Amino acid sequence: MRTVVLYGTESGRAEAVALGIAKAYPDRDIDVVNMADAAPEVFDSAALFLVACATHGGGELPGFAQFLHDDLEAAAPDLTGLRYAMFGLGDTSYQEKYNRGSKQFDALLTALGATRVGPFGEHDEISRADHVALGIAWAGEVFAAVDAS
Ligand SMILES: Cc1cc2nc3c(=O)[nH]c(=O)nc-3n(C[C@H](O)[C@H](O)[C@H](O)COP(=O)(O)O)c2cc1C
């Protein structure tokens, strides 16, 4: 099954996570797509979507992720049958705004009928954990869940 790793970034961490996942699973058919280059039509139910998305601006989506979110919301396609997983990059020092961008994107995909699979992954910048390693481990859990279903 084709996998699309779709990332929304402002300062490059989500992109590094996406590229790290593609490199770590060479036997998977993986396309890495920047939300900045994507339109709502990117969501193809024949593919599995791994979404890595940061939060910026005090609880907001990164700029281009916001555009894709809003275009998708306006187009409102029926995403029933589409499977996706979510990985949020944020910083808990933003408290209640922690990871709000990824949660916002997740809520829209669910509202349009898509189904989230595997764990909701996260990277908290304040932890100083390696975001790429965490993203690769998360993708492994998602692949395992999808393969078992
Ligand atoms: C100006 C600015 C605002 C931020 N606002 C939030 C926020 O509201 N919530 C949050 O969880 N993280 C916030 N962050 C932390 C980023 O989400 C975190 O650094 C993330 O790893 C960045 O990912 P990126 O490099 O892919 O853009 C903010 C970071 C900056 C620089």
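**Exercise 1.** Which residues in α2 are buried?

Solution. The model is a predicted one. Step one is to apply the burial criterion, 20 or more other C-beta atoms within 10 Å of a residue's own. In α2, this criterion picks out Ala65, Leu68, His69 and Leu72 as buried. Step two is to place them around the helix: they cover an arc of only 100° around the axis, so they lie on the same side of α2. The general rule is that an α-helix has 3.6 residues a turn, so residues three or four places apart point the same way. Step three is to look at what lies over them: the cover of the buried residues of α2 includes β1 (3-8), β3 (48-54) and α3 (100-111).

**Exercise 2.** Compare the length of α2 with its expected span, then inspect the residue that follows.

Solution. Helix α2 runs over residues 63-75, 13 residues, and at 1.5 Å a residue it should span 18 Å. Its end C-alpha atoms are 19 Å apart, which agrees. Just after α2 comes Ala76, with a positive phi of about 45°.

**Exercise 3.** Describe the chain as a whole.

Solution. Begin with the secondary structure: four helices and six strands, in the order β-α-β-β-α-β-α-β-β-α along the sequence. Next, test the overall dimensions. For 149 residues, a compact globule would have a radius of gyration near 15 Å, and the 14 Å of the chain agrees with this. The C-alpha atoms fill a box of roughly 35 × 35 × 25 Å along the principal axes. Finally, turn to burial and contacts. Of the 149 residues, 38% count as buried. Among contacts between residues at least 6 apart in sequence, 80% join residues at least 24 apart.

How values were computed:
Residues are numbered from 1 along each chain as its sequence is written. This is a predicted model: local features need pLDDT of at least 70, side-chain atom pairs count only at pLDDT 80 or more; totals for chains, interfaces and linings use all residues. Helices (H or I, at least four residues) and strands (E, at least two) are DSSP runs, numbered from the N terminus. The expected span of a helix is 1.5 Å times one less than its number of residues. A residue is buried if 20 or more other C-beta atoms lie within 10 Å of its own, exposed if 12 or fewer, and partly exposed in between; C-beta atoms are placed from the backbone. The arc is that of the directions from the helix axis to the C-beta atoms. Two residues are in contact if their C-beta atoms, placed from the backbone, lie within 7 Å. The radius of gyration is taken over C-alpha atoms; the globule rule is 2.2 Å times the number of residues to the power 0.38.
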